[in-house]
Amino acid sequence: MKNSRLVFVALLAVLAASCSRGARVSGVLKDAPEAEVEVRLLDINRYRTLDTLKTDARGAFSYVAEVEKGQPEFFYLFYHGRRVASLLLQAGDRVEVVSDTLGNYSVTGSPETSKLIEVERAEAEFAGQFAASSARLDDLDPASEAAKKVRRDMAKQYITYYRDRVVYVMENSHSLTVVPVLYQVVGENLALFSQPTDAIHFRRACDSLRTVYPDSRYVKALDQEARRRENLLELDTRLRNTEPVGYPDLEMPDIQGRKVKVSDLDAKVIMIYFWSSADAEQSMFNLDVLKPLYDKYHDKGFEIYAVSLDTDKTAWATVVRNQKVGWINVCDGKGQASRALSLYQVPKFPTSYLIVDGDLSAGESVSDEASLRRFLDKTLK
């Protein structure tokens with residue numbers, strides 16, 4: 001008898017632990033008896049189908065969603081491809097959903113889901129107003145006064161809604177509902193939070209959420225996006241505070257760790273050369289082609305700024321030291337993620353770009369020694 005009691009207590013403990021990790025959803029889909037309801041999970045930036053439920057004769061259904069403690073998840077219910085309910089569930093939630101086939105729904109038992117519903121309704125209201133204004137604009141002469149007024153109205157709508165969403169993010173800093181707010185899109189492809197300074201909102205939201213949900217996949221993704229936007233903000237600030245040049249400026253560390261800036265170089269022709277020391281053929285190109293050209297034209301005003309796309313900076317530095325070339329070699333160790341690649345929109349490497357008298361000239365293929373030599377002969381007379 002004693003052993004039976006112990007087994008029963010252990011079974012209760014297992015069931016309690018299982019329930020604490022999950023969230024139970026009970027619902028009714030009106031006018032949809034014996035129909036299929038698809039359950040999807042928001043997997044960062046895409047939906048992932050988890051299950052397909054079968055409603056009974058009343059349209060009722062139930063589902064136990066897997067949710068770990070401290071890691072709320074976004075779930076969505078779909079009927080014939082239409083989203084009929086949105087849920088932000090925490091471990092232990094017990095929610096009731098009542099929806100129709102058009103997506104008009106209500107949810108009880110989940111405070112976070114209630115907030116999510118408010119967010120989506122505000123977004124839908126704004127989207128409807130903005131789309132209506134856009135439709136009116138399409139019917140007008142773009143140069144007419146009426147069209148100008150509609151554009152002013154649309155700008156006002158956007159600014160008013162943007163400011164309202166900023167307030168929401170600030171006032172709900174510990175709610176995961178700020179995540180879909182930060183990623184909202186206006187129209188077809190305009191991000192609501194599209195200004196460089198919006199990086200500040202992403203960072204503040206991320207840091208606040210991390211104190212509550214440090215293990216959440218959504219918070220980790222938000223941190224990556226905040227870092228990306230912070231880098232863009234830094235670049236935007238630097239560009240605004242520097243004198244304009246006719247090419248994307250670079251400032252990267254050399255083998256001694258000293259940052260070298262392209263705009264600080266004093267040369268008539270600067271070759272921005274993207275390469276990898278891990279490629280033996282490219283390393284040989286340095287010695288067989290570039291070094292003879294550099295030795296011949298350097299004193300005439302030719303400089304090479306070689307950007308390595310290696311992630312192993314130690315191996316790169318070893319190759320550079322062994323080659324004993326005289327030009328500038330830099331590497332940030334980020335490989336294909338280096339910001340230098342995006343600034344110059346490098347399609348492949350090795351690739352070179354020539355800056356002549358402070359302006360970006362036509363790119364020359366680093367594998368075409370003859371054309372590069374002709375270019376230097378012509379330019380550095």
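User: What does contact mean when a helix is said to lie across strands, and what do the angles run between?
Analyst: Contact means heavy atoms within 4.5 Å. Angles run from 0 to 180 degrees between N-to-C directions, with axes fitted to C-alpha atoms. In this predicted model, helix α2 (residues 111-138) lies across β5 (73-79) and β6, at about 135 degrees to β6.

User: In what order do the strands of the sheet stand?
Analyst: The order is β3-β2-β5-β6, an open sheet of four strands with antiparallel pairing. At the edges are β3 (47-54) and β6 (82-89); each has a single partner strand, so one side of each has no neighbour in the sheet. From one strand to the next, the twist averages 25 degrees.

User: How many bridges join β2 to β3?
Analyst: Strand β2 (residues 36-42) is joined to β3 by seven bridges, and the two run antiparallel. As for a single pair, L41 has R48 in β3 as its bridge partner.

User: Is E73 buried or exposed?
Analyst: Buried means under 20% relative accessible area. E73, which lies in strand β5, counts as buried because its relative accessibility is 9%.

User: Which side chain makes a polar contact with the side chain of E73?
Analyst: A polar contact is a pair of N or O atoms within 3.5 Å. The side chain of R217 makes one with that of E73, at 3.1 Å.

User: Which residues is E73 in contact with, leaving aside its neighbours within four places in sequence?
Analyst: With those neighbours left aside, the contacts of E73 are L41, E66, V67, L87, L88, L89, R217 and Y218. L41 is also the residue whose bridge partner in β3 is R48.

Note on methods:
Residues are numbered from 1 along each chain as its sequence is written. This is a predicted model: local features need pLDDT of at least 70, side-chain atom pairs count only at pLDDT 80 or more; totals for chains, interfaces and linings use all residues. Side-chain values use heavy atoms; hydrogens and water are left out. Two strands pair if DSSP finds at least two bridges between them. Buried means under 20% relative accessible area, exposed over 50%, partly exposed in between (1.4 Å probe, protein chains only). A polar contact is a pair of N or O atoms within 3.5 Å; within protein, one must be able to donate a hydrogen and the other to accept it, and residues adjacent in sequence count only if both atoms are side-chain atoms.
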